[in-house]
Amino acid sequence: MILIRKGSIKQKTKQDMRNTLKDCAKLFVVAAVFCSSLAHAQSKDPIIEKMIKEANENSQLENLAHELLDQIGPRLVGTPQMKKANDWAVAKYGTWGISAKNEQWGQWRGWERGITHIDLVSPRLRTLEGTQLAWSPSTKKPINAEAIVLPLVADSIAFQNWLPTVKGKVVLISLNPISGRPDKNWEEFATKDVFAKMKADKAAAGAAWAARLKKTGLNAKNLALALENAGAAAVVINNWSQGWGVDKVFGANTTKIPTVDLSVEDYGLVYRLAESGSKPKLKIVSESKELGLVPTLNTIAEIKGTTKPNEYVMLSAHFDSWDAASGATDNGSGTIMMMETMRILKKFYPNPKRTILVGHWGSEEQGLNGSRAFVEDHPEIVSNLQALFNQDNGTGRVVNLSGQGFAKAKDFIPRWLAAVPDTIKNQIRTSFPGSPSSGGSDNASFASAGAPGFSLSSTSWDYGTYTWHTNRDSYDKLVFDEIRSNAILAAILVYMACEDPERLSHEKATLPANPRTGAPGVWPTPTKANRKGGVN
Ligand SMILES: [Zn+2]
């Protein structure tokens, strides 16, 4: 609101009046431009307008995230939770009138995580923060045992001589980080000299621990096996992710005794007590179930094409996760983004020219196995792929889109992106022709088979340190507004790729030479899916 003082009009000079008239004229021009831009907006594709409105005003992302991440939880390959998620997705697509199915492509060691509970019981009581690694063997009854640290030995013979002393003990086999504070925190608050000293100490400690492990003469896998064969009660590790309170949690190497990860704080506590001769005792309950070989699945949903049903536009995001948290950003965010995109497409674009498919892949984490199997099993789809859009690097808005080495991608992707609202499109840096991914995520399974699989690459939100494969990858880390904008982006890209009168050719660009060796760039070749995993 503009306030006008009494008498101000009276005091206006002729010049003022002329200026006022000029201002009015300017306003008129601005208004006319505004109206024409409105008219332009209204003349935009009504399907796109409706999809954007739906994504913003009737978003299902929060519901989907709650059902998948909170109610079902993490989705480690071979677990009942993975199967539950596959069935949930098929049922969910059914409620939207989208046909979906679970396609078995292999088998995996079936395992179910049970309770992990770890207490320091001597010299004082403290319940510790920790969890068993995936596929850790179950404790039959609670372990009550002294914790010891892997010693520095002279050589592998000395290690073998020491080995019998582990009988009945819990053995700590990881480096104890010299600080539980992230480097960023040191950099912010320490003096330059103290920060530099810490960095040097940290590097030296890392090298010393690597040397200590090397002296055993064993790699990580064989060290764990040697300890359990010598009668150790459990193996304790720390895989600190270099951020506040965050650990990465992968699979166990032991086959008879549990392997647990303790937080950097609690690992350090037990480690120091052991080193000072306080003989710390731990009570460990670490339960799990072996379930034999179980089927492993991809969930595939489809909106059938009308005029070109045998050409395909695909959405792609792996469905499985590691299991120390809920797999929210790896890859719950990609999963719900693709489900929401399919829901919106079905509602406003139910009769696409080309067939729309979504692949929710199993066992990406063990080597892109679900998508590799799909590529092997469906050559007719791979050879008739217009484009595939994969998302798998966290909850952030998409900021990079590469042509993946396809020579003609530059003639299509910018055209498809042109239909995307500026606020989303202007965040994205494209690069053509780019280079094909040889791994990393499921778009690589397609690109290596010569089919245009693109990656919708997100901004990080500290993905690498805080959420990727960590015990902190939970619902609260999702940034729903960024996932929403990604769903709008994906829906429009799929719509444009379906409607495009032209087919994106699979012609490969000449790849740039290797910057180190100068050798000509080589297109990656397909790797076979592991269809019987987790068994020796
Ligand atoms: Zn992932």
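Strand 1 (residues 99–122) runs parallel to strand 18 (residues 532–533), and the two pair over two bridges. Trp108 has Gly533 as its bridge partner in strand 18. Bear in mind as you look around that this is a predicted model.

Strand 1 has further pairings to follow. With strand 10 (residues 281–303) the pairing is antiparallel and covers 20 bridges. To find your place in it, look for Gln104, whose bridge partner in strand 10 is Leu297. Strand 2 (residues 126–128) also pairs with strand 1, again in the antiparallel sense, over three bridges. Here Asp119 stands opposite Thr127 of strand 2, and a hairpin of three residues joins strand 1 to strand 2. The table puts the pairings side by side.

| Strand paired with strand 1 | Sense | Bridges | Example pair |
|---|---|---|---|
| Strand 10 (residues 281–303) | antiparallel | 20 | Gln104 and Leu297 |
| Strand 18 (residues 532–533) | parallel | two | Trp108 and Gly533 |
| Strand 2 (residues 126–128) | antiparallel | three | Asp119 and Thr127 |

Now for the zinc ion. Which protein atoms are its donors? They are NE2 of His318, an OD atom of Asp330 and two OD entries from Asp392, lying 1.9 to 2.8 Å from the zinc ion. Along the sequence, the donor residues follow the spacing H-x11-D-x61-D. Asp330 and Asp392 tie together distant parts of the chain, 62 residues apart: Asp330 belongs to helix 10 (residues 328–348), while Asp392 sits in the loop between strand 13 (385–390) and strand 14 (398–402). The arrangement around the zinc ion counts as irregular because the angles between its four donor atoms run from 51 to 151 degrees, whereas a tetrahedral label would need all angles to lie between 85 and 135 degrees. Are these two aspartates buried or exposed? Asp330 is buried, with 4% relative accessibility, and Asp392 is buried too, at 12%.

Asp330 also leads us to another aspartate, since Asp473 touches Asp330 along with Ala325, Ser326, Gly327, Ala328, Thr329 and Thr467, leaving out residues up to four places away in sequence. Asp473 is found in the loop between helix 16 (463–467) and helix 17. With a relative accessible area of just 3%, Asp473 is buried, because the cut-off for that word is under 20%. A polar atom of the Asp473 side chain lies 2.6 Å from the backbone nitrogen of Thr329. The C-alpha atoms of Asp473 and Gly332 are 9.5 Å apart, although 141 residues separate the two along the chain.

Next, the nonpolar interior. The largest nonpolar core has 68 residues, and the members that touch the most others are Ile336, Met342, Leu345, Phe389, Trp416 and Leu489. Helix 17 (residues 480–499) is the top contributor to this core, with 13 residues. Apart from this core there is another, made of 22 residues, including Ile118, Leu172, Leu262 and Leu282. Met342 makes a handy starting point in the largest core: beyond its neighbours within four places in sequence, Met342 contacts Tyr93, Ile98, Ala301, Glu302, Ile303, Leu315, Ile356 and Val358.

Last stop is helix 8 (residues 220–229), where Leu223, Ala224, Ala226, Leu227 and Glu228 are the buried residues. What do they pack against? Their partners are helix 5 (156–162), strand 5 (170–172), helix 7 (192–215) and strand 6 (234–237). Just past the end of helix 8, Gly231 adopts a positive phi of about 95 degrees.

Methods:
Residues are numbered from 1 along each chain as its sequence is written. This is a predicted model: local features need pLDDT of at least 70, side-chain atom pairs count only at pLDDT 80 or more; totals for chains, interfaces and linings use all residues. Side-chain values use heavy atoms; hydrogens and water are left out. A nonpolar core is a set of buried Ala, Val, Leu, Ile, Met, Phe, Trp, Tyr and Cys residues joined through side-chain atoms within 4.5 Å. Buried means under 20% relative accessible area, exposed over 50%, partly exposed in between (1.4 Å probe, protein chains only). Helices (H or I, at least four residues) and strands (E, at least two) are DSSP runs, numbered from the N terminus. Contact means heavy atoms within 4.5 Å. A polar contact is a pair of N or O atoms within 3.5 Å; within protein, one must be able to donate a hydrogen and the other to accept it, and residues adjacent in sequence count only if both atoms are side-chain atoms. Donors are N, O and S atoms within 2.8 Å of the metal (3.2 Å for Na, K and Ca); water is not among the atoms, so sites may look incomplete. Four donors count as tetrahedral if all angles lie between 85 and 135 degrees; four count as square planar and six as octahedral if opposite donors are over 155 degrees apart and all others between 65 and 115; anything else is irregular. Two strands pair if DSSP finds at least two bridges between them.
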